[in-house]
Amino acid sequence: MRKLVLLGAGYGNMRILLRLLNKELPSDLEITLVDRTPFHSLKTEFYALAAGTVPDSEIRVALPSHEQLNIVEGEIAAIKLDEKVVSLSNGEDVPYDELVIGLGCEDNYHDVPGAAEYTHSIQTIGQSRNTYQLLQGLGGGATVGIVGAGLSGIELASELRESRPDLKIKLFDRGPRILKDFPERLSNYVKDWFDKHEVHVISNSNITKVEENVLYNHEESIQVDAVVWTAGIQAVSIVRELDVEKNRGRVVLNQYHQIPDYEDVYVVGDIAALPHAPSAQLAEEQAEQIVRVLRLVWSKEPLPKEMPEIKLKGFMGSLGKKQGFAYLADRTVTGRIARLLKSGVLWMYKWHNG
């Protein structure tokens, strides 16, 4: 049997499974999916789990079932590219003919002293559960610092405001305005929402050190009762340790999403060096192309001289359960409509993958 091994049950590998298991799967192919949990987690919704506005069950999706699919629950200890083997922490080896690495990312603390030790995360479902317990256990009037005003930080701050109106929330943004790379109308809408709901946005911030219950913004010390870090990501350590070419810690690929010196190894999602910011949408678009390449390889057909350029549709974000914002096809959408759009996309995703 030919062995295709998928590392990580993230958005990219879920899309690969969706496409492969539903159409003309070669009879001599065995697929193995390796993940630390026996389900797919909706990472784009971890902010809501951490804030306490959705239950754990709402952000889990069952893995597909198929006679040619094996699910292996475990931690990956090493990826041995030259030996074409993935080693698990329990001592088991998983050989492959083709490998897709979709192991995702972890927090990037940018060498800020104390950040790893004294901040909390929403990068994994387990970390998000722990952050939820911390935030919901705070007393009334406690101060929460959220470092990083990207999409995750914005959604966490707004959702936490709805679940805990008694908390003081400080959102630290490195830029001069929220979402500075997008139209000012979008920035102003989000900032106005925060002003109306008493979320204190601290612009042009630079967190230089974190201590227990203290954040240092430039040289100013700010007392806090909890800190959540949403200020950047990096490839997980096992990928950073691979002896392959990288760009800013992400794996450099050829146009077929393969590692150039290991053309039987594909990389999908946040750990791939691509000319786009990491996102679930990008991982899924990559996955569509990887499936196309795999089918050509299996049928011994030539690969196209050029792969189509990946074009993203935009992004959507929520401000609590009733308001939202979106940037789609160079158009800004705000308010209730944007929130309904995001809810609809999430429902459709669960319907297709559940």
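**Helix packing and strand pairing in a predicted model**

Let's start with two helices: α5 and α6 pack at an angle of about 30°, and their axes lie 11 Å apart. Angles under 35 degrees count as roughly parallel, so α5 is roughly parallel to α6. Keep in mind that this is a predicted model. Besides this helix pair, there's a run of parallel strands, a separately described antiparallel sheet and a mostly covered helix to look at, α1.

**The α5/α6 pair**

- Two numbers do the describing here, since packed helices are characterised by the angle between their axes and the distance between the axes.
- As for handedness, the crossing of α5 past α6 is left-handed.
- On the α5 side, the contacts come from Ile154, Ala157, Ser158 and Arg161.
- Those residues meet Val190, Trp193 and Phe194 of α6.

**Parallel strands and the helices between them**

- Strand β11 (residues 143-147) runs parallel to strand β12 (residues 168-172), and five bridges join them.
- If you want a register marker for that pair, Gly145 sits opposite Lys170 in β12.
- To get from β11 to β12, the chain goes through helix α5 (residues 151-163), making a right-handed β-α-β crossover.
- β12 also pairs with strand β13 (residues 199-202), again in the parallel sense, over four bridges.
- Here the marker is Phe172, which stands opposite Ile202 in β13.
- Helix α6 (residues 184-196) carries the chain from β12 across to β13, and this β-α-β crossover is right-handed.
- So the helices that pack on each other are also connectors: α5 lies on the way from β11 to β12, α6 on the way from β12 to β13, and α5 is roughly parallel to α6.

**The antiparallel sheet**

- Three strands make an open sheet, ordered β6-β7-β8, with antiparallel pairing.
- β6 (76-80) and β8 (93-95) are the edge strands; each has a single partner strand, so one side of each has no neighbour in the sheet.
- From one strand to the next, the twist averages 20°.
- Zooming in on one pairing, strand β7 (residues 85-88) and β8 run antiparallel and are joined by three bridges.
- Within that pairing, Ser87 stands opposite Asp93 in β8.

**Helix α1**

- Helix α1 (residues 11-21) is mostly covered, with 10 of its 11 residues buried.
- The buried set includes Tyr11, Gly12, Asn13, Met14 and Arg15.
- Further along α1, Ile16, Leu17, Leu18, Leu20 and Leu21 are buried as well.

Note on methods
Residues numbered from 1 in each chain as written. Predicted model: local features only at pLDDT ≥ 70, side-chain atom pairs only at ≥ 80, totals over all residues. Heavy atoms only, no water. Buried < 20%, exposed > 50% of the residue type's maximum accessible area, 1.4 Å probe, protein only. Pairing = 2+ DSSP bridges. Right-handed = clockwise from strand over helix to strand, strands pointing away. Axes fitted to C-alpha atoms, helices over the stretch in contact; angles between N-to-C directions. Parallel < 35°, antiparallel > 145°, perpendicular 65-115°, else oblique. Left-handed = near helix turned anticlockwise from the far one by under 90°. Contact = heavy atoms within 4.5 Å.
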